[in-house]
Every structure is written in C-alpha cells, then in structure tokens.
Amino acid sequence: MIKILTIDHAGDLQLVLTFSNGARGRFDGSAYLSARHGPLLEPLRQADYFRRCFVEAGAICWPNGLELSGARVFELSQPLSLAA
C-alpha cells in the first residue's frame, strides 16, 4: 500500500508529495476539485484552506475531516522523479 510521507506546497492548490515507494509527484488540487463537489470539498477551493493539509496515517488530511488515501493521490499525481 502506497502512503504519503511528505507534503510540500507548490503554489495555489498544488502539492509536491513524496510517497513510500520512493516516487515524488505533483498533485493538482484544482484539477481534482473541478470534477468533484460536496460539503467537505468546498473549503479546499480556497488556497489558504487547501494549504492547511497534513499527513496522517499515510493520507492527505484537512481539518474538516476530509482524507485522500495515499494510493488514490498517487494515481492522480503527475510523476516528478524517483528518489535515489
């Protein structure tokens, strides 16, 4: 199971993530949110709130309880590089 190890902010609604398999990827929050709606997702449309994300148990989490699994975020991320 792929887990998220670290999160770096890379601009509004953009994250650079390091995964447990050694890969790094860019997660585009604006692309993710453009096709999805719901009460837990609405606050993430604001860059200040989106930046409040943190890693918990290998997933991206936000203070409102939203959690995206590491495996799903890995699938949605653009690969950047493999760690040496």
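These legends accompany several views of one predicted protein model.

**Figure 1. The whole chain contains 3 helices and 7 strands.** Along the sequence, the order of elements is β-β-β-α-α-β-β-β-α-β. The radius of gyration is 12 Å, close to the 12 Å that the globule rule gives for 84 residues, so the protein is as compact as a globular protein of that length. Along the principal axes, the C-alpha atoms fill a box of roughly 40 × 25 × 20 Å. Of the 84 residues, 38% count as buried. Among contacts with a separation of 6 or more, 43% join residues 24 or more positions apart.

**Figure 2. The surface and the charges are shown for the whole protein.** The accessible surface comes to about 4,800 Å². Carbon and sulfur atoms own 54% of that surface. The protein carries 8 positive and 8 negative charges. The mean positions of these two sets are 3 Å apart.

**Figure 3. Two cysteines, C53 and C61, stay unpaired: the structure holds 0 disulfides.** C53 is in no disulfide, and its nearest cysteine sulfur, in C61, is 9.2 Å away. Why is there no bond from C61 to the closest cysteine sulfur? The separation of 9.2 Å between the sulfurs of C61 and C53 is too far for a bond, because a disulfide requires cysteine sulfur atoms within 2.5 Å. Both residues fall under the 20% limit for burial. C53 has 10% relative accessibility and counts as buried. C61 has 5% and also counts as buried.

**Figure 4. L13 has a positive phi in a loop between two strands.** Most residues other than glycine have a negative phi. L13 is not a glycine, yet its phi is about 60°. The residue sits between β1 (4-9) and β2 (14-19). Is the L13 side of this loop buried or exposed? L13 is buried, with a relative accessible area of 13%.

**Figure 5. A57 also has a positive phi without being a glycine.** Its phi is about 55°. A57 lies in the loop that links β4 (54-56) and β5 (59-61). The relative accessibility of A57 is 76%, so this residue counts as exposed. The two loop residues thus sit on opposite sides of the burial scale: L13 is buried, whereas A57 is exposed.

**Figure 6. S20 and L5 meet where a loop residue touches a strand residue.** S20 belongs to the loop between β2 and β3 (23-28). With 39% relative accessibility, S20 counts as partly exposed. Which residues does S20 touch, beyond those up to four places away in sequence? They are M1, I2, K3 and L5. L5 is in strand β1. Leaving aside neighbours within four places, L5 is in contact with T18, F19, S20 and V55. Two C-alpha separations give the scale. S20 and A71, 51 residues apart along the chain, are separated by 10.0 Å. L5 and W62, 57 residues apart along the chain, are separated by 15 Å.

**Figure 7. P43 lies in the loop between two helices.** The loop joins α1 (29-34) and α2 (47-50). P43 has 26% relative accessibility and counts as partly exposed. Which residues are in contact with P43, leaving aside its neighbours within four places in sequence? They are Y49 and N64. The C-alpha atom of P43 is 28 Å from that of A23. These two residues are 20 apart along the chain.

**Figure 8. R52 occupies the loop between α2 and β4.** R52 is partly exposed, with a relative accessible area of 48%. Setting aside neighbours within four places in sequence, R52 is in contact with C61, W62 and P63. The cysteine in that list, C61, is buried at 5% relative accessibility. How far is R52 from L5, C-alpha to C-alpha? The two are 16 Å apart in space and 47 residues apart in sequence.

Terms used. Residues are numbered from 1 along each chain as its sequence is written. This is a predicted model: local features need pLDDT of at least 70, side-chain atom pairs count only at pLDDT 80 or more; totals for chains, interfaces and linings use all residues. Side-chain values use heavy atoms; hydrogens and water are left out. Helices (H or I, at least four residues) and strands (E, at least two) are DSSP runs, numbered from the N terminus. The radius of gyration is taken over C-alpha atoms; the globule rule is 2.2 Å times the number of residues to the power 0.38. Buried means under 20% relative accessible area, exposed over 50%, partly exposed in between (1.4 Å probe, protein chains only). Contact means heavy atoms within 4.5 Å. Accessible areas come from the Shrake-Rupley method with a 1.4 Å probe; for residues, only the protein chains shown count as cover. Lys and Arg count as positive and Asp and Glu as negative; His and the chain ends are not counted. The place of a charge is taken as NZ of Lys, CZ of Arg, CG of Asp or CD of Glu.
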